[in-house]
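Biologist: Before we discuss the labels, could we have the structure in view, and could you then show how each label follows from its value?

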2 protein chains.
Amino acid sequence: ELRDALAGSFGSATLAGLRVLVSAGPTYEDIDPVRFIGNRSSGRMGFAVAEAAAAAGAQVTLVAGPVSLPTPAGVARRVDVRSAAKMREAVLAASDTADIYIGAAAVGDYRPAQVAERKLKKHDGAPLVLDLAENPDILKDLAATHPHPFLVGFAAETHDVAAYAQDKLSRKGLDMIAANRVGAGLGFEADDNALSLYWPGGSEELPRASKRELAARLVQCVGMRYRAAKP
Amino acid sequence: ELRDALAGSFGSATLAGLRVLVSAGPTYEDIDPVRFIGNRSSGRMGFAVAEAAAAAGAQVTLVAGPVSLPTPAGVARRVDVRSAAKMREAVLAASDTADIYIGAAAVGDYRPAQVAERKLKKHDGAPLVLDLAENPDILKDLAATHPHPFLVGFAAETHDVAAYAQDKLSRKGLDMIAANRVGAGLGFEADDNALSLYWPGGSEELPRASKRELAARLVQCVGMRYRAAKP
């Protein structure tokens, strides 16, 4: 039904013939063999985007962080990763053959500076401080590669969503950004979401809906902007 | 069939008439509204223990960290928590009416010293250091309460399993400890497990088996030790 709705309503905006790379889910950054730093991304928004892109005719590769979700119908290839570094490797390797990259993963900004090989003990006298190192920025690295896919980022924020998203759009050289406010039953770990889309010179509001419906609308907007930008 | 096997083989060791409190799963310690420190416990061992205790005739309360597992058959009450502090609250509140406490949860030893109300930004100039505070020790707190339930702890270790488990048994004043080695297809995130049980003056090896089978054998040993200790 999703496929029919898309094909019926937005015939000119489908992604037929395009190769779409989607990243989804959180990343987990190991502290030791047992502990890690994670984040609340469930992966559902990104998996819904991958499904919607496939339903719109794209050949979809999905790079997924640690989630417990089945591969969506129609997705051609799935690569499972755990850390931000492994997600970066998988995305960069697949980006050569992608027309569009939709970065819906919540990639950890930081990782522990050292990963302990043994489980850290409470009474080892270890200092109660965790030194962190900044993770590489996958979108920034992709934007610096030429040629590179049409780049769609996500921004999940608790405050100042619009200002932060527009800053991220221009600072990282993205073609589009999808921003959502986390909390109040929206965003991470929630069934519903609402998105504000920004691109250089334009914007569109996608009001509150299920992640599946939103993903279908997002994918249509991406298709239209892609064709407008690369005629 | 599990219930039959237990009733048939170990009639004298069943938990009929006893109230058993089980904790299971990881704890997640929030860094900010999005990020947290977690651990790899899937909760499956603890959930299997709760199911086996119910099958052996106990009235079971299960306190569960953030896991995506259905409540096992026969469990009378389930309390879902996220952090170590909330798990401690729930366990202490339920311990008054428990004859046996089986602490199978992987409770985080540390939490961030401060929880940020807003999502921390990469470019806020925040120092790349996370200050940690030590979490309270639920088993130690229970052992210091009189009267307290028969106390069964778990030790999941990557190295020196036996030495560490026996030290934990005496240091925390436990009645029994179940130790397992994490890694090589055992322990966290694995289907199989193997346990070494220690109590003051004795021990027993439970060789590699499914978590469900191991849980049934563990529960029988707990019942026998409980009746030996509190005749």
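**Labels and the values behind them**

Modeller: To begin with one residue of this predicted model, B:Asp167 has a relative accessible area of 36% and is partly exposed, because the label covers values between the 20% under which a residue is buried and the 50% over which it is exposed.

Biologist: What makes B:Asp167 and B:Arg171 a salt bridge?

Modeller: The closest N and O atoms of B:Asp167 and B:Arg171 are 3.0 Å apart, and the rule asks for a side-chain nitrogen of Lys or Arg within 4 Å of a carboxyl oxygen of Asp or Glu, so the pair qualifies. B:Arg171 is partly exposed, at 36% relative accessibility.

Biologist: Why are B:Asp167 and B:Arg171 said to be separated by about one helical turn?

Modeller: Because both residues lie in helix H5 of chain B, residues 161-171, and stand four residues apart there.

Biologist: How do you know that B:Asp30 and A:Arg40 join two chains?

Modeller: The salt bridge itself rests on closest N and O atoms 3.0 Å apart. B:Asp30 belongs to strand E2 (residues 29-30) of chain B, while A:Arg40 sits in the loop between strand E3 (35-39) and helix H2 (44-55) of chain A, so the pair joins two chains.

Biologist: Why do B:Asp30 and A:Arg40 carry the labels partly exposed and buried?

Modeller: B:Asp30, with 22%, is partly exposed, whereas A:Arg40, with 18%, is buried, because the cut-off for buried is under 20%.

Biologist: What else links chain A and chain B?

Modeller: Five salt bridges are counted between chain A and chain B, and a further example of a pair across the chains is B:Asp109 with A:Arg35, whose closest N and O atoms are 2.7 Å apart. A network of salt bridges also links A:Asp30, A:Arg82 and B:Arg40. The two chains bury about 3700 Å² between them, 51% of it on carbon and sulfur atoms, and the contact takes 38 residues from chain A and 39 residues from chain B.

Biologist: Why does the pair A:Arg217 and A:Glu204 tie together parts that are apart in sequence?

Modeller: With closest N and O atoms 3.6 Å apart, A:Arg217 and A:Glu204 form a salt bridge. A:Arg217 lies in helix H6 (residues 211-229) and A:Glu204 in strand E12, both of chain A, so the parts tied together are 13 residues apart in sequence. A:Arg217 is partly exposed at 36% relative accessibility, and A:Glu204 is partly exposed at 28%.

Biologist: What makes strand E5 and strand E12 of chain A the edge strands?

Modeller: Eight strands form an open sheet of mixed pairing in chain A, in the order E5-E4-E1-E6-E9-E10-E11-E12. Strand E5 (77-80) and strand E12 (202-210) each pair on one side only, and the twist averages 15° from one strand to the next. Strand E11 (residues 192-199) pairs with E12(A) in the antiparallel sense over seven bridges, with A:Asn193 opposite A:Ala209.

Biologist: Why are A:Cys221 and B:Cys221 called buried, and how many disulfides does the structure hold?

Modeller: A:Cys221 has 7% relative accessibility and B:Cys221 has 6%, so both count as buried under the 20% cut-off. The structure holds zero disulfides over all chains.

Note on methods. Residues are numbered from 1 along each chain as its sequence is written. Chains are lettered from A and ligands numbered from 1 in the order in which they are written. This is a predicted model: local features need pLDDT of at least 70, side-chain atom pairs count only at pLDDT 80 or more; totals for chains, interfaces and linings use all residues. Side-chain values use heavy atoms; hydrogens and water are left out. A disulfide is a pair of cysteine sulfur atoms within 2.5 Å. Buried means under 20% relative accessible area, exposed over 50%, partly exposed in between (1.4 Å probe, protein chains only). Two strands pair if DSSP finds at least two bridges between them. Axes are lines fitted to C-alpha atoms, for helices over the stretch in contact, and angles run from 0 to 180 degrees between N-to-C directions. Contact means heavy atoms within 4.5 Å. Buried area is the accessible area (1.4 Å probe) that two parts lose on being put together, summed over both.
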